[in-house]
Amino acid sequence: MSPSVPLQEMIRAIRSARTQCEERGVIQRECAAIRAQFRNTDNEGRSHNLAKLLYVHMLGYPAHFGQMECVRMIASPRYSDKRVGYLGAMMLLDEKQDASLLITNSIKNDLSHSNQYVQSLALCTLACMGSAEMCRDLAPEIDRLLRSSNSYIKKKAALCAVHIVRKVRELGELFVPSARSLLSEKNHGVLHGAVVLITQLCEQSPETLERFRKTVPDLVQIMKGLVISGYSPDHDVAGVSDPFLQVRILRLLRILGRHNEAASDAMNDLLAQVATNTDSTKTVGNAVLYETVLTVLDIKSESGLRVLAVNILGRFLLNNDRNIRYIAMTSLQKIVVTDHIAVQRHRGTIVDCLKDQDASVKRRALELSLALVSASNIRSTMKELLIFLSSCPPELRAHAASGIFNAAERYAPSQRWHIDTILHVLTTAGADVRDETVPNLIQLITNTSELHCYTVHKLYRALLTDISQQPLVQVACWCIGEYGDLLLKGECQETEAVQVTEDDVLDALEIVLQSHMSTPTTRGFALTATMKLSTRIIDNVDRIRSVVSIYGSCIDVELQQRAVEYNALFKKYDHMRAAVLERMPVIQKNSVGQTNGEVGEETVKESQAAKVAQKEMALPPQPAGQVCDLLDLLGGSQEPLQPSSSLGGAASTQPTTAGGDLLDLLGGLEPTPPTPAPAVTVYEKNGVTLTISCEQQSDSGLTVTLTASNSSDSDISGFTLQAAVPKSVQLQMRAPSRDSLPANGAAKLTQLVILNNPNKVNLKMRIRVSYTSQGSAVQDMVQVDSFPGIGAAGL
Amino acid sequence: MMRFMLLFSRQGRLRLQKWFTAISEREKKKIIREMTTMVLARPPRTCNFLRWKDLKIVYKRYASLYFCLGVEDEENELLALEIIHRYVELLDKYFGNVCELDIIFNFEKAYFILDEFLMGGEIQETSKQIVNRAIESSDMLQEVRCMKTHTHPTAF
């Protein structure tokens with residue numbers, strides 16, 4: 001068809017502009033001309049003008065003055081005008097513009113136009129930018145078109161219905177019957193649209209999903225037809241018959257078969273057939289295989305089929321195509337927890353992928369390798385991981401290092417291997433390890449007393465070669481300070497003997513102290529180590545004294561404080577020096593939830609010594625604060641309902657232990673045994689009774705217990721509670737004791753809710769009760785304004 | 001569903017943008033900027049899939065043009081590559097050995113073809129021949145001076 005000459009001339013003019021400024025000039029002139037022509041109601045060139053404006057809009061220039069022109073063009077009787085007008089509407093108008101409402105009427109008229117191409121324009125535009133209002137208006141029209149005899153229109157109407165259902169959920173009901181009948185169509189386009197529509201309806205509403213489960217045999221039939229049928233020129237892509245439709249049907253089968261034995265059984269054979277018959281030499285065949293694998297792994301398939309699926313993924317891992325390796329690893333990662341043994345079979349290939357050139361493939365391979373580490377393969381896997389660490393891209397280093405540490409901690413075959421591994425990591429990627437590695441490593445070293453000599457020798461040697469990796473230097477300094485005497489003895493069973501003099505050791509520490517590469521923390525370590533050596537060496541104590549006194553006037557406050565204290569140890573408290581600086585006892589592994597108030601070891605009453613010990617053990621900061629922030633995020637702005645799922649679970653244990661420690665530090669305040677609080681009934685309906693009782697735990701903390709019981713004759717199932725509180729109050733719901741209420745009060749359901757009211761606002765709670773009784777779902781809301789067991793003025 | 005499709009040149013100039021959800025102009029510009037920087041920065045022999053926010057980005061380079069598709073999490077990435085390829089084939093059939101200049105000077109045709117292939121973020125028609133025939137018929141209809149067949153009065 002003939003191109004639009006005015007449009008092309010303008011495009012040529014814009015492209016020939018040599019600078020940005022020139023281009024802007026050309027465009028300004030053109031826009032002015034276009035605006036003038038819009039005012040002129042000449043019929044001939046209208047579509048060309050609008051097309052020009054759309055081009056200008058695509059370059060990023062403002063084009064809002066064309067919106068009304070779009071509306072006018074859509075209403076024109078000429079097809080060329082309508083075509084460009086609708087295109088303009090899709091590009092310039094969206095549901096936020098007021099002008100979009102004006103085209104609703106035109107769309108409605110065009111939907112019943114006698115020419116299918118005009119109808120198609122209207123359908124396309126509605127599916128692209130239809131607002132909820134427009135969708136509600138035009139839904140019955142779309143439903144009518146779904147029943148038309150024209151398959152060209154039917155397939156477009158189906159996708160339009162998908163858009164409507166996405167915008168206005170309630171209209172889903174309207175399309176269910178037509179969707180069902182469309183499945184018997186032969187036309188692939190219509191069939192595809194029908195499958196998409198049914199998928200959307202099922203995803204939105206579980207009841208509709210139940211109804212559509214009956215279509216599984218029909219879908220299986222259609223798929224079989226596609227897979228077995230001979231070559232069909234219309235839909236063939238590289239030997240696969242209509243892969244787009246196949247993938248969509250597989251996805252629908254996945255949704256229908258999930259959590260349902262019967263449906264999954266019905267599709268077992270088909271999935272096995274698709275998995276074995278599909279040609280995997282081209283991407284398109286692999287796309288279908290990939291979807292099949294995802295479906296098999298998601299439904300309740302039998303184990304033989306699952307193994308087949310994992311083997312397909314294993315084959316993908318060996319494929320030359322990088323894309324296929326990538327998706328294989330993404331899928332394996334999802335199932336590594338559930339199908340661990342099956343994935344283990346492919347461990348070799350996965351570990352090989354660590355050497356791939358693509359960064360995303362490498363990242364996936366790293367995560368999978370770490371997930372597959374076990375006691376039996378730890379040595380070989382670790383070898384590969386350490387090789388990977390030395391050549392891995394910088395953004396993956398921290399993750400790799402911490403993964404290696406975790407794996408080493410869990411599966412280390414021997415202490416020496418463990419220490420060697422950690423040292424290797426520190427020398428290769430020392431700058432990227434996390435801060436808590438240093439105390440963890442120190443704790444590990446003190447625990448392996450037989451290897452102290454070996455460790456300190458290795459660390460000393462590492463220190464001599466390179467002092468830029470801070471964590472390594474810190475650990476080395478600490479060890480030299482603690483075990484300097486072993487180092488100076490010279491002999492060691494595990495490594496070759498090297499004669500180390502006291503001067504050498506003190507030189508090494510001084511280099512660390514003076515180097516500009518050392519951070520203040522590292523220098524602190526070095527200074528303390530130097531000080532500790534004063535009790536472990538014989539000759540150079542004076543040298544140590546001078547070093548320490550120099551740093552007494554250091555600019556860094558921390559170093560200065562230490563130096564001054566050590567000086568004091570030399571001068572006034574020399575009789576205590578040996579006791580203070582003696583070997584540390586074995587450090588207990590600190591669990592995450594403890595506060596910094598915990599004092600480690602008390603060797604001497606001297607508070608300075610205690611401070612020294614605490615500084616070395618930089619305990620990880622309490623994550624409980626983060627948990628409270630998370631709750632605030634979930635809390636949101638208006639009193640939202642928080643899910644009653646066990647967010648409680650792991651996160652909730654930390655704040656409460658923190659509270660417990662606090663009480664301990666305050667000198668063992670015995671928490672007074674809570675007096676049994678009165679229970680108040682807040683909800684009574686259909687035989688379901690909900691009572692609430694409270695206990696005040698602390699100044700701002702309150703525990704609320706919700707108890708539900710069922711006095712009716714029929715069982716209640718799916719019982720859930722949701723609670724909402726005022727904005728500043730923090731709420732945590734523990735998992736309920738059960739989720740159903742048997743009849744006649746045979747068992748009660750309890751659920752704990754922990755509240756924290758730091759601002760002491762007036763406490764209210766809204767509780768939503770949902771359950772299924774005698775087949776029908778019930779949902780009720782209850783507001784609780786006063787809490788039994790606490791004062792009337794709130795917390 | 002697909003959220004958007006972008007076509008841009010090696011220099012980062014936008015040649016086509018199709019949005020399947022309602023978002024503001026500012027948001028669109030931001031996405032375009034981020035997509036072009038992200039995709040153009042990819043080294044040559046890497047895989048065609050990226051993760052960006054909660055979407056998967058599938059891109060493929062054909063001569064001097066990058067085709068970039070933003071899809072939701074449940075979509076099949078390999079099939080997305082096939083979708084891009086199918087669109088290129090349709091353009092190729094229509095323009096005859098399509099090149100970037102064809103798409104620049106006839107951008108509205110590129111949109112019309114896309115609108116016959118995809119709709120509402122989903123595939124509309126899986127057969128190449130049917131899409132081609134529909135475009136040809138629409139083009140012929142455009143040639144007709146005025147339509148003689150409409151029976152309903154159109155509101156102005």
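The following dialogue explains how to read several features of a predicted model with chains A and B.

Me: What should be known about the model and its numbering before reading it?

Reply: Residues are numbered from 1 along each chain as its sequence is written, while chains are lettered from A and ligands numbered from 1 in the order in which they are written. This is a predicted model in which local features need pLDDT of at least 70, side-chain atom pairs count only at pLDDT 80 or more, and totals for chains, interfaces and linings use all residues; side-chain values use heavy atoms, with hydrogens and water left out.

Me: How many helices and strands are there in chain A, and how many in chain B?

Reply: Helices (H or I, at least four residues) and strands (E, at least two) are DSSP runs, numbered from the N terminus. Chain A has 36 helices and 10 strands. Chain B has five helices and seven strands, and along the sequence they follow the pattern β-β-α-β-β-β-α-α-α-β-β-α. The C-alpha trace of chain B spans about 55 × 35 × 25 Å along its principal axes.

Me: What percentage of the residues in each chain is buried?

Reply: A residue is buried under 20% relative accessible area, exposed over 50%, and partly exposed in between (1.4 Å probe, protein chains only). In chain A, buried residues make up 54% of the 795 residues; in chain B, they make up 62% of the 156 residues.

Me: Which contacts join residues that lie at least 24 apart in sequence, as a percentage in chain B?

Reply: Contact means heavy atoms within 4.5 Å. Among contacts in chain B between residues at least 6 apart in sequence, 49% join residues at least 24 apart. For chain A, residues 24 or more positions apart account for 66% of the contacts with a separation of 6 or more.

Me: Which residues of helix 2 of chain A are buried, and where do they lie around the axis?

Reply: The buried residues in helix 2 of chain A are Glu23(A), Val26(A), Ile27(A), Glu30(A), Cys31(A), Ile34(A) and Phe38(A). They lie on the same side of the helix because they cover an arc of only 135° around the axis, the arc being that of the directions from the helix axis to the C-beta atoms. These buried residues pack against helix 1 (5-15), helix 3 (46-58) and helix 4 (67-74) of chain A. The face turned away from the buried side carries the exposed residues Cys21(A), Gln28(A), Arg29(A) and Arg39(A).

Me: What does the length of helix 2 of chain A show?

Reply: The expected span of a helix is 1.5 Å times one less than its number of residues. Helix 2 (residues 20-39) of chain A has 20 residues and reaches 29 Å from its first C-alpha to its last, close to the 28 Å expected.

Me: How many aromatic pairs does a search of the whole structure find?

Reply: Rings of Phe, Tyr and Trp (its six-membered ring) pair if their centres lie within 6.5 Å; planes under 30 degrees apart count as stacked, over 60 as edge-to-face and the rest as tilted. The search finds 12 aromatic pairs over all chains. One of them is the edge-to-face pair of Tyr117(A) and Tyr152(A), with 5.5 Å centre to centre and 65° between the planes. This pair links distant parts of the chain, with Tyr117(A) in helix 8 (residues 116-129) and Tyr152(A) in helix 10 (residues 151-167) of chain A, 35 residues apart. Both tyrosines, Tyr117(A) and Tyr152(A), are buried.

Phe107(B) and Tyr111(B) also form an edge-to-face pair, 6.4 Å centre to centre and with 85° between the planes. Both lie in helix 4 (residues 107-117) of chain B, four residues apart, about one turn of the helix. With Tyr55(A), Phe107(B) and Tyr111(B) form one aromatic cluster.

Me: Where does the charged end of Arg35(A) sit?

Reply: A charge sits over a ring if NZ of Lys or CZ of Arg is within 6 Å of the ring centre and within 35 degrees of the ring normal. The charged end of Arg35(A) sits over the ring of Phe65(A), 4.4 Å from its centre. Likewise, that of Arg416(A) sits over the ring of Tyr454(A), 4.5 Å from its centre.

Me: How many residues of chain B are in contact with chain A?

Reply: The size of an interface is often given as the accessible area lost when the parts come together. Here, 71 residues of chain B are in contact with 81 residues of chain A. Buried area is the accessible area (1.4 Å probe) that two parts lose on being put together, summed over both. The two chains, B and A, bury about 6900 Å² between them, 57% of it on carbon and sulfur atoms. In chain B, Leu78(B), Phe105(B) and Met119(B) lose the most area to chain A, together 10% of what that side buries.
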